[in-house]
Amino acid sequence: MKDEYIPVVTEVADIRTETPPGDRMIRTLRVQKEGKAPFAHLPGQCAMISAFGRGEAMISIACPPNGEYLEFSILLQGAVTTDLQYLEKGEKIALRGPYGNSFPVDEWKGRRVIVVGGGIGIAPLRSVYGHVVRHPADYAGLDIFYGARDSQSIIYKQELFDLLEKRKANVHLSIDRPEPGWNHFVGFVAANLTRAAPSPQNAVAITCGPPIHITVTLDVLKKLGFSEDQVYTTLERKMKCGFGKCGRCNIGEVYTCVKGPVFSLARLRRLLPEGLPDK
Amino acid sequence: MRDYRSESARLREIVSGLLERGEVELVVAWTEGEDRPRTRETLIGKGREDLLRKVVWSPFCTTSTVTFLKKNKAALAGKRLGVVVKDCDLQALNVLLQEHFLKREDLVIIGVRCDGLAEADLFPRPEGAEVPITSDGGGVTVGKQRRAWEDSGFTTCLTCSYEDMKPDHVVGEYGRKKGKPEWGHLARLQALEPGKRREHYAALFESCIRCYACREVCPVCACVECAIDPGERAITPRTAPSVKACAPVWACRERSVSENAVYLLTRTMHMAGRCVRCGWCERACPVGLPLMEILDLSNDAVRRVYRYEVGRDPADPPFLASYAETDPDDKGAGH
Amino acid sequence: MEKALAETGWRVMVPSGAGRKGGYVELRAGGRLPRECGDHTKPSTPPKGLVFPNNEELLSYVLGVKGEIEVGPASHTMARTVLYGTPPCDTASFRALDSALLKDMAEPGYAGKRGLLGVIGMACSRAGRWCFCTSVGLSPRSNIGADLMVYPDGDDLLVERVSDRLDGLWKRLEAGAAGADEKALRAVEGKFVPRVLNFVFEAEKLADALEKAFGSPYWKEFSERCVSCGICTFLCPTCHCFDITDVAKDELSGKRLRTWDTCQFPEFTGETSAHNPRKERWARQRQRVLHKFLYHPRNHGHMMCTGCGRCIRYCPVDINIAEGVMRLGGSK
């Protein structure tokens, strides 16, 4: 019987520094085992990454399923992420997974996918928009709303500008305050969303970000006419075991690491109110 | 003989009066629990007749209202509070006032003169609404059941020396002569040869399950972020990652002799000059550790060697923050 | 029974007695098995520690100076063990623990040990003032969670085979025993507590009532004196929340450890970002109550509480979960 606690040792195949070094540094690690992805995953799933001696952290897999690699965009937060930020290309990293449920991308075929990400929240959403970009014929369109506090904090910048330029997606970027040289929207992501007012017709919206971002975005989507079945989010909770045993990540009777972290708004409301991110 | 029914009635009068006249917004007092004669701390506001009616004072008020204050500090901040305290509670309150943890001007202190406590669970459940609880120099009586003080489950009360702590209001008269702290158990331990002493302490430390009840119930263990395995971390969304990453882990989560010893002994050191010997830590411990035995190592030094009386006066400097030319040196400590 | 158990060579664990010291301990060679059980023989620490210890090593690691990683799996096994003489509240705890830790995906530490434990429960002859097993669907004669169930009858023992796990022992006992049947069991039943009358509440209505009471202001009142010490959950026979931390031996090696944790500690759900969905004590107490009386029943069909009363008896500030549940469940 497989011991779920034992991680697989993999190699850091590539590192992209997304934001400058400092307290809010984000790096994307590309991880492989013998040239392939260490395990298969579905968009929205996560993995427990080890920083031996410090602990583990549950981090969203930030790339669509591809068989070649896994990617994780790691924001510096505390003990574990500090250790991970010292990793260099070619070094080893241990992780276990995949954990959690996934975005129902198959159910969404034929529909327009609207992604609304704030800050590091864009990372799990990338597994979805990356999947849609790889299978354009399966979907009616892709809108990406994404913002950060300033232009230096925007991650996947090159990729997003590329998508915009090649018209593979409607990309709406924003930063919180004006900056010289920034020609896109200035303001919160939700405000940008209000301005663009995408139609809920045959669409599905997914959002992730800090609690306040999620709360405000859900409000805007409601005002735009999206029903609770058309809105999905992925939540964050402190996690230790990752497979529904240690008792801490539950929302009502459901473990976020097993029947989440992806939840439709309709489902979240049915579960007890504890599920709604606090303001 | 002390009649706690009438003392409770007098206490209720005082508490009601304070609330009626608006001298305080809230009162922290003991009320009769559902499982009499057990009592429980309750926060009572004006107009809560349902709670006022149950306000009680008896040897079964075994918890500390000062712990309630410490646990609810944020919620009660800025409010004028009445608090009912036994002698040891007032001692603990003075320690917190010395450290400016609470402000004296926010408090109206109602003292209840305590002869000692008794374990409610040793008495059968009383029948009927009115339960006569009385005590005298020899013991406690609930209805028809009497137990001597020595058999009532509270050993630290037998050696309590606190009296006349000068609260704002007083209820009751002492019915028993106070004792003095007694260190015979320490002499027995000190007489053990090092190998045997190590065995004794190792067995003790091994049994600890690190539930932290001793820390949480203690009226003076009030640090927001405990140095050892903090129950609550003092971080905000703006705390730098490096600060979180470098937080020291003095005792890891492993329940072993070494880690448990770090926790228990560090707590003892941090309690030097602050422990009031109320004994609640030992009574609460779910695995029956003789915690007073460990704490008394420090209590003995403080009282006997440095002659410092813990929590005597809120204006006193805290023990570890005071220094006198006449303090004995290491040789004088005799450990 | 002593002879048959000794022949198996298994480790036999028995209650050391009521009170706070001891817990469940190994029966010494030649020692006598307990002849009765009840609140008066129930130790403060429950038997869950036999298969779910406070410390369980999950893996060891060695890091190389060039960044190599070597992970060593842990052995989750233990000696074959029989737990003898648990009252029904402790016996039934294994049903709740098995559901939570083995269903859907097995928790490796628990799974490794659980198969090596046989439970011989004993009918209870004396309930305590905090017991309420009948309110949670059990009884002083319940055999839920037992592999064998014994009913002491003077010098005799009536033994009931409940599962096949201890069939090796059962065959040995059968060899030297007089036959017995349902009638014999009925005859002996009168010696045991028929029903426990403390904290009687109507279990069927409870889950729905608690769900409706999610936003009730009573939670604040219920938990205002709580000190978040963890006694209720550490002593609870069914509580199994755990923490996973790395224990470094030096900069390059160490182990990963699973230890008991409690939903009552503030940092239980405290994220590194400082966001904490259960920052307040009332939110944590509510979680404990709902986990036991709403979430676990919804997921597994039985309450995650066996009515043993330890949380009520040992809570240092007199918080009574049955009182809370009765208040919110509407029955009194």
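Biologist: Why is the pairing of Arg126(A) with Glu71(A) called a salt bridge?

Modeller: The term stands for a side-chain nitrogen of Lys or Arg within 4 Å of a carboxyl oxygen of Asp or Glu. In Arg126(A) and Glu71(A) the closest N and O atoms are 2.7 Å apart, so the pair falls inside that limit and earns the name. Please keep in mind that this is a predicted model, in which local features need pLDDT of at least 70 and side-chain atom pairs count only at pLDDT 80 or more, while totals for chains, interfaces and linings use all residues. Residues are numbered from 1 along each chain as its sequence is written, chains are lettered from A and ligands numbered from 1 in the order in which they are written, and side-chain values use heavy atoms, with hydrogens and water left out.

Biologist: Which stretches of chain A are called domains?

Modeller: Domain 1 covers 3-99 and domain 2 covers 112-234, with bounds that come from an automatic or database domain assignment. The centres of the two domains of chain A, taken over C-alpha atoms, are separated by 24 Å.

Biologist: What makes domain 1 and domain 2 of chain A count as being in contact?

Modeller: Contact means heavy atoms within 4.5 Å, and by that rule 20 residues of domain 1 of chain A are in contact with 15 residues of domain 2 of chain A. The buried area (the accessible area, found with a 1.4 Å probe, that two parts lose on being put together, summed over both) is about 1,400 Å² between these domains, with 56% of it given by carbon and sulfur atoms. Glu18(A), Arg24(A) and Pro64(A) supply 30% of what domain 1 of chain A buries against domain 2, which is more than any other three residues supply.

Biologist: How many residue pairs are in polar contact across the interface of domain 1 and domain 2 of chain A?

Modeller: A polar contact is a pair of N or O atoms within 3.5 Å, where within protein one must be able to donate a hydrogen and the other to accept it, and residues adjacent in sequence count only if both atoms are side-chain atoms. Five residue pairs pass that rule between these domains, both partners being at pLDDT 80 or more. On the side of domain 1 of chain A that touches domain 2, the strands β2 (26-32) and β5 (70-75) each supply at least two residues, and β5(A) gives the largest share, three residues. Strands (E, at least two residues) and helices (H or I, at least four) are DSSP runs, numbered from the N terminus.

Biologist: How many salt bridges are counted between chain A and chain B?

Modeller: The count there is zero, although two residue pairs are in polar contact across this interface, both at pLDDT 80 or more. Seven residues of chain A are in contact with four residues of chain B, and the two chains bury about 460 Å² between them, 50% of it on carbon and sulfur atoms. Asp23(A), Arg54(A) and Gln77(A) supply 63% of the area that chain A buries against chain B, more than any other three residues.

Biologist: How many residues of chain B are in contact with chain C?

Modeller: Here 48 residues of chain B are in contact with 46 residues of chain C, and about 3,700 Å² is buried between the two chains, 47% of it on carbon and sulfur atoms. Arg40(B), Arg253(B) and Arg255(B) supply 17% of the area that chain B buries against chain C, more than any other three residues. Eight salt bridges are counted between chain B and chain C, and 28 residue pairs are in polar contact across their interface, both at pLDDT 80 or more.

Biologist: What makes Glu254(B) and Lys255(C) a salt bridge?

Modeller: Their side chains meet at 2.8 Å, N to O, a value that lies within the limit already given for the term.

Biologist: How do you know that chain C is as compact as a globular protein of its length, and what supports that?

Modeller: Chain C has 12 helices and 12 strands. Its radius of gyration is 21 Å, close to the 20 Å that the globule rule gives for 332 residues, so chain C is as compact as a globular protein of that length. The radius is taken over C-alpha atoms, and the rule is 2.2 Å times the number of residues to the power 0.38. Chain B, with 14 helices and nine strands, has 335 residues and a radius of gyration of 21 Å, which agrees with the value near 20 Å for a compact globule.
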